[in-house]
Amino acid sequence: SAVALGGARRKMSENCNFKATGKKLMGHSGAITCLDFSPDGQFLASGSADCTVKIWNFKSGKLLKSIEEHTAGINSVAWGGKSGALCTASDDGKILVHDVKTWKVRHKLIGHTKPVFCVDMSKDESLIVSGGMGGKVRIWSGRTGRCEKILPGHVKPVTAVAFNPEPPKSKGYPADKLIVSSGYDGLCRIWETETGHLLRTVGNDLNGHPAVGNADFAPNNSIVLISTHDGKVSLWDIKTSECKWQAQGHQNSKYCTSSKIWPIFKEKPVLNNKPLIVSAHIRKQKSSQMTSALKVCGSEDGQVYIWHVDKTLLAKLKHSDSKDVVLAVACHPSEAYVATGSLNQPGIRLWKTALWTCSSCGFKHNTPWLQACKQCRASRS
């Protein structure tokens, strides 16, 4: 079995109704290193080794803006929670904060002396966190552009940073009060934003543990997703340091490929009077233990792996050939779109779940992981 901790409950088809839209966003001349949908769902930002950041209307395929302010390759892009600002981080050691209305540079964050690998912006756009080759995590003011704190928590390059999100219904930590960081030293750290105190180290921090290529919070703030360079992706409880879920099967031993938690998306009704809102999590599961969103991982075999909560390998999306590396993955915040970019192909591919229709009642679904109709409970044919 390709899945750890019990194996898959059922064998799914190769792409399980995830279909390429047919649109390929062309404009970059180098590797696609990072992708991010805006929180309002309107735009897709892409960063590339060609030193540019591009803003797309991803549905029409139209290029809206090309940002050429950096002098070296782009490693990370991050929207502010209000979609009013976009942060870009580069091998040139700079982080730029762009005003989305004018696309002018609002702030230049100067402090890293080596390439910056990762950046994130808080929900209210008041704070920015970054990390890079130097091994330090920096917290910046989103209003002034000044560095407020330096967190010396890693002895090797920092591969990922993220603020905790605000959950819809949770008794966990308030939004933006925590930061997760990961590094080539094999560590995943949880920090308190206001004080800069190290709260916990999660994951396997034993000697010889493989590098952590990516880390991110689940929407309930008490779970982090960790992707390591031994081809494993796992979910950890930050309060107990327990591993709640783990899967393996994708290839990841060298590059910091994207790993995302995709908790929920919405679709307009097809034959129904109410919007179709689907979450992959089990309804009876407590929000504090919500480990059940979809997990989407780029792989070093040219594919994207999508895992379900029941440890089913839900889909393998073939972005390109087996010698390519899918570096960048982005999941739309409210619709069933996934964007992918790779090392060897300058084009960005878009994927969307295909509808399936219940043969008993005619209800149309955009949820390929369901094996029974949500309307009449008839088994899927």
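## Strand 26 and its sheet

Visitor: How many bridges join strand 25 to strand 26?

Guide: This is a predicted model, in which local features need pLDDT of at least 70, side-chain atom pairs count only at pLDDT 80 or more, and totals for chains, interfaces and linings use all residues. Residues are numbered from 1 along each chain as its sequence is written, and side-chain values use heavy atoms, without hydrogens or water. Strands are DSSP runs of E, at least two residues long, numbered from the N terminus. Strand 25 (residues 294-298) and strand 26 (residues 303-307) run antiparallel, and the number of bridges joining them is 4.

Visitor: Which residue in the turn between strand 25 and strand 26 has a positive phi?

Guide: The two strands form a hairpin with 4 residues between them. In that turn, a positive phi of about 80 degrees belongs to Gly302.

Visitor: Which residue of strand 27 stands opposite Val304?

Guide: Two strands pair if DSSP finds at least two bridges between them. Strand 26 and strand 27 meet this with 5 bridges, in the antiparallel sense. Opposite Val304 stands Leu317.

Visitor: Why is strand 26 described as largely enclosed?

Guide: Buried means under 20% relative accessible area (1.4 Å probe, protein chains only). One side of the strand presents Gln303, Tyr305 and Trp307, the other Val304 and Ile306, and all are buried. The strand is largely enclosed by the rest of the structure because its buried residues number 5 of the 5.

Visitor: Which strands form the edges of the sheet?

Guide: The open sheet has 4 strands in the order 22-25-26-27, with antiparallel pairing. Each edge strand pairs on one side only; the two are strand 22 (259-262) and strand 27 (313-318).

Methods. Buried means under 20% relative accessible area, exposed over 50%, partly exposed in between (1.4 Å probe, protein chains only).
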